[in-house]
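This report looks at how the parts of one structure are arranged. Keep the sequence and the 3D view open while reading.

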Amino acid sequence: MFNVQRKMKCDIILCGVGGQGILSIATIIGEAAMNENLYIKQAEVHGMSQRGGDVQSNLRISSDPIASDLISLGGADVIISMEPMEALRYLPYLNKEGWVITSSAPFINIPNYPNIEDIKAELAKLPHVVAIDIEQLAKDNQIPRSANVILLGAAQKALGIDYATLENAIRSVFGRKGDAVVEANIKALALGREAQK
Amino acid sequence: MEKKLLLGDEAIALGALHAGLSGVYAYPGTPSTEITEFIQLNPLAKERNVHSRWCTNEKTAMEAALGMSFMGKRALVCMKHVGMNVCADPFVNSGMTGVNGGVVVLVADDPSMHSSQDEQDSRFYGKFAMIPTFEPSSQQEAYDMMEVAFDYSEKQCLPVLMRVTTRMAHSRAVVKVKDEARKENEMNYNAVAANWVLLPANARKRNDKVTAQQAQLEEDAANSPYNRLKLSGKAPLGIIASGIAYNYVKESGVDVPILKISQYPLPKKLVRQLLDSCEKVMVVEEGQPFIEEQVRGVFESQNILGRLTGELPRTGELTPDSVAAALNAQLSENPKKLEIPEIPALVAARPPQLCQGCGHRDVYTALNEVLKEYENPRVFGDIGCYTLGFLPPYRAIHSCVDMGASITMAKGASDAGQWPAVAIIGDSTFTHSGMTGLLDAVNEKANITVIISDNFTTAMTGGQDSAGTNKFEAICLGLGVEPEHLHVVVPLPKNMPEIIRIIREEINYKGVSVIIPQRECIQTFKRHAKERKQNS
């Protein structure tokens with residue numbers, strides 16, 4: 001069906017708290033993957049769970065046809081999380097060599113939120129973790145609404161998608177919102193890439 | 001051919017538009033809502049003036065679609081699985097009347113109840129209404145099958161039920177779509193009154209006709225390109241997989257004889273061919289054991305495996321893991337167990353909750369304040385965001401059964417002697433199924449207090465228009481609620497003393513009182529503020 005130059009497969013769990021904007025990360029990756037002529041499946045969660053509860057999306061991209069919309073346990077190559085405790089919730093899905101790219105700032109809307117130091121200790125046990133205070137970084141750089149794209153920039157290497165392809169996807173996804181929005185998100189992507197190094 | 005990244009729901013919507021759709025009729029319900037929303041925003045649909053306004057409930061939707069079909073045009077009805085219960089009367093009887101223009105009834109089931117109160121499987125409705133049923137297994141099939149379904153509906157003069165599940169409705173994939181849409185049907189007067197007037201004498205004839213038609217429908221299913229039998233000589237295990245479950249079987253990578261089912265009535269001929277060449281057959285289907293029960297029959301064959309025999313989980317959604325484990329257990333001597341890390345113990349549950357600034361919060365705060373004065377108050381809840389009032393910190397409701405049940409259950413409880421009996425229902429749920437119950441209560445002067453918590457939208461499903469906006473006082477008065485026991489308040493912390501006083505007084509009134517707290521949903525409020533900013 002597609003012209004694909006190289007073999008690739010990346011299974012991604014996107015997660016966070018309802019309303020944090022994980023679906024716009026998914027939209028950019030989906031756009032980029034489609035422009036690369038890759039196969040895509042992306043299972044989202046809508047409805048009741050979006051009201052401040054935990055949310056996740058399974059995003060699968062591959063040079064070969066994909067059967068299941070859902071990722072198998074131990075099958076994810078990357079977890080991209082807008083919230084550090086939420087990253088831990090999906091560890092059963094992460095493969096042994098998988099990456100966790102997460103925001104380090106807790107989103108506390110429950111009374112029994114654990115100690116953040118304990119969460120950091122759990123994250124530190126994993127082989128490949130990038131934790132960034134994306135909200136702060138976004139504020140410091142005057143792009144407060146693009147924190148999620150910083151996270152995407154930090155995940156770029158783990159995703160195995162070319163940087164330029166993600167940039168182009170941002171242009172087409174945000175294009176109708178005007179140049180200022182596009183530039184803010186391009187800047188966010190670059191900040192994320194730097195922060196990951 | 002163009003490639004588009006589409007949700008299953010969007011693929012369905014576009015497939016219907018490209019098949020010459022003239023109207024979609026629906027009430028919002030997860031996971032079916034995005035179908036109608038897609039059509040509402042689609043340029044072609046706008047250009048053609050395709051009907052897409054939300055209906056008051058699934059029954060009015062189904063009946064309006066039948067009206068459009070009666071006039072020769074193609075109509076789509078969309079709903080979530082429990083919506084089928086609401087429109088069951090016109091749906092089942094549409095199997096008797098048949099159709100003129102094509103009708104597709106799209107129902108999105110929600111196994112594992114991500115956003116629902118049960119996991120009923122809509123394929124059973126298709127079977128007992130004797131209506132052919134389609135079950136696509138991919139977004140591409142969903143798009144392609146829509147045109148096939150409309151054509152088939154007109155060819156057989158019957159509606160077609162198309163069933164999807166959450167993972168199809170809410171999952172995106174690349175779909176190849178046509179460049180051009182078919183023309184809409186012209187209006188015509190071909191509908192035969194004798195078919196549509198279901199007087200017993202007419203209905204009996206129709207019943208004989210449709211019953212006789214079933215053999216042809218099954219034959220068509222056996223020859224359907226969407227039902228595929230792949231045999232490979234004699235085998236110890238074969239698989240019957242339907243809809244999205246077929247993908248989990250493919251994902252597992254097992255290579256055994258397989259019958260993929262995406263069109264019903266169940267083609268017994270193909271099932272028999274598979275059974276003849278396999279020692280055992282596992283039935284892998286999303287939802288309830290619909291195929292499995294038919295294949296097992298009353299003889300309870302030991303060679304049919306599935307949800308009924310415990311190889312697959314009896315309830316809940318299938319996953320690639322549960323399907324792979326079930327297949328491996330049959331196919332390998334020593335199935336290896338994958339070592340899966342546990343979720344760290346410190347991870348706390350994060351349940352959904354009412355938004356900060358939501359008016360329902362103020363309503364529950366006031367209600368709880370009054371009800372703590374009583375020993376045994378009972379609050380009958382309903383379907384919507386405010387069902388979350390069951391959870392801490394409010395713990396405010398004692399029931400939530402189906403759309404509209406708050407008012408009628410409060411009335412029944414009052415009939416039994418309960419006081420205070422309070423009903424809390426949202427604006428959209430009230431017009432969907434609450435108004436008739438309120439009339440019952442008014443007619444009997446039931447001793448209940450009804451709170452219609454009006455946020456000007458159908459909030460739970462993402463903020464769709466609500467049928468009764470700005471009409472609630474008039475509706476209540478029209479149903480006979482006494483003007484002095486009908487109150488409109490604005491649920492804000494600053495108005496708390498007034499709201500508390502009104503609730504207290506009306507609980508003490510021996511008759512039907514209605515209190516309508518009115519304040520826009522905080523989510524749609526934010527969205528509207530953003531739109532205003534963008535437009536200015």
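## A helix across the sheet

Which strands does helix α1 (residues 22–35) of chain A lie across? In this predicted model, the helix lies across β1 (9–17), β2 (39–43), β3 (54–62) and β4 (76–81) of chain A, and also across β1 and β7 (171–177) of chain B. Its direction is at about 5° to β3(A).

These strands can be placed in an open sheet of 8 strands with mixed pairing, in the order β6(A)-β5(A)-β4(A)-β1(A)-β3(A)-β2(A)-β7(B)-β1(B). At the edges stand β6 (128–132) of chain A and β1 (2–7) of chain B; each has a single partner strand, so one side of each has no neighbour in the sheet. On average, neighbouring strands of this sheet are turned by 20° against each other, direction ignored.

At one end of that order, strand β5 (residues 94–103) of chain A runs parallel to β6(A) and is joined to it by 5 bridges. Thr102(A) stands opposite Ala131(A) in β6(A).

## Chain A as a whole

Chain A has 7 helices and 6 strands. Read from the N terminus, the elements follow the pattern β-α-β-β-β-α-β-α-β-α-α-α-α. The radius of gyration of chain A is 16 Å, close to the 16 Å that the globule rule gives for 197 residues, so the chain is as compact as a globular protein of that length. The C-alpha trace of chain A spans about 50 × 40 × 35 Å along its principal axes.

Of the 197 residues in chain A, 58% are buried. The chain exposes about 8,000 Å², and carbon and sulfur atoms supply 50% of that area. Among contacts in chain A between residues at least 6 apart in sequence, 65% join residues at least 24 apart.

## Leu159(A), a buried helix residue

Leu159(A) lies in helix α5 (residues 147–159) of chain A. Its relative accessible area is 2%, and residues under 20% count as buried, so Leu159(A) is buried.

Leu159(A) and Lys9(A) are 150 residues apart in sequence, yet their C-alpha atoms are 9.1 Å apart in space. Leaving aside neighbours within four places in sequence, Leu159(A) is in contact with Met8(A), Cys10(A), Ile12(A), Ile29(A), Val78(A), Ile80(A) and Leu152(A).

## Nonpolar cores

In soluble globular proteins, nonpolar side chains tend to be buried together. The largest nonpolar core here has 56 residues, and Leu438(B) and Val514(B) touch the most other members. Beyond its neighbours within four places in sequence, Leu438(B) is in contact with residues including Ile407(B), Phe430(B), Val450(B) and Val514(B). Another core lies apart from this one and has 47 residues, among them Ile12(A), Ile61(A), Met82(A) and Ile143(A).

## An enclosed helix in chain B

Is helix α1 (residues 8–18) of chain B largely enclosed or left open? In this helix 11 of the 11 residues are buried, so the rest of the structure largely encloses it. The buried residues include Asp9(B), Glu10(B) and His18(B), as well as Ile12(B) and Leu14(B). Just after α1(B), Gly20(B) takes a positive phi of about 90°.

Asp9(B) is also touched by Ser32(B), a residue in the loop between β2 (23–26) and α2 (33–41) of chain B. Ser32(B) has 1% relative accessibility and counts as buried. Not counting residues up to four places away in sequence, Ser32(B) touches Met79(B), Lys80(B) and Ala108(B) as well as Asp9(B).

Notes: Residues numbered from 1 in each chain as written. Chains lettered and ligands numbered in written order. Predicted model: local features only at pLDDT ≥ 70, side-chain atom pairs only at ≥ 80, totals over all residues. Heavy atoms only, no water. Core = buried A, V, L, I, M, F, W, Y, C linked by side-chain atoms within 4.5 Å. Buried < 20%, exposed > 50% of the residue type's maximum accessible area, 1.4 Å probe, protein only. Contact = heavy atoms within 4.5 Å. Pairing = 2+ DSSP bridges. Helix = DSSP H or I, 4+ residues; strand = E, 2+ residues; numbered from the N terminus. Axes fitted to C-alpha atoms, helices over the stretch in contact; angles between N-to-C directions. Rg over C-alpha atoms; globule rule 2.2 N^0.38 Å. Areas by Shrake-Rupley, 256 points an atom, 1.4 Å probe, with all protein chains shown as cover.
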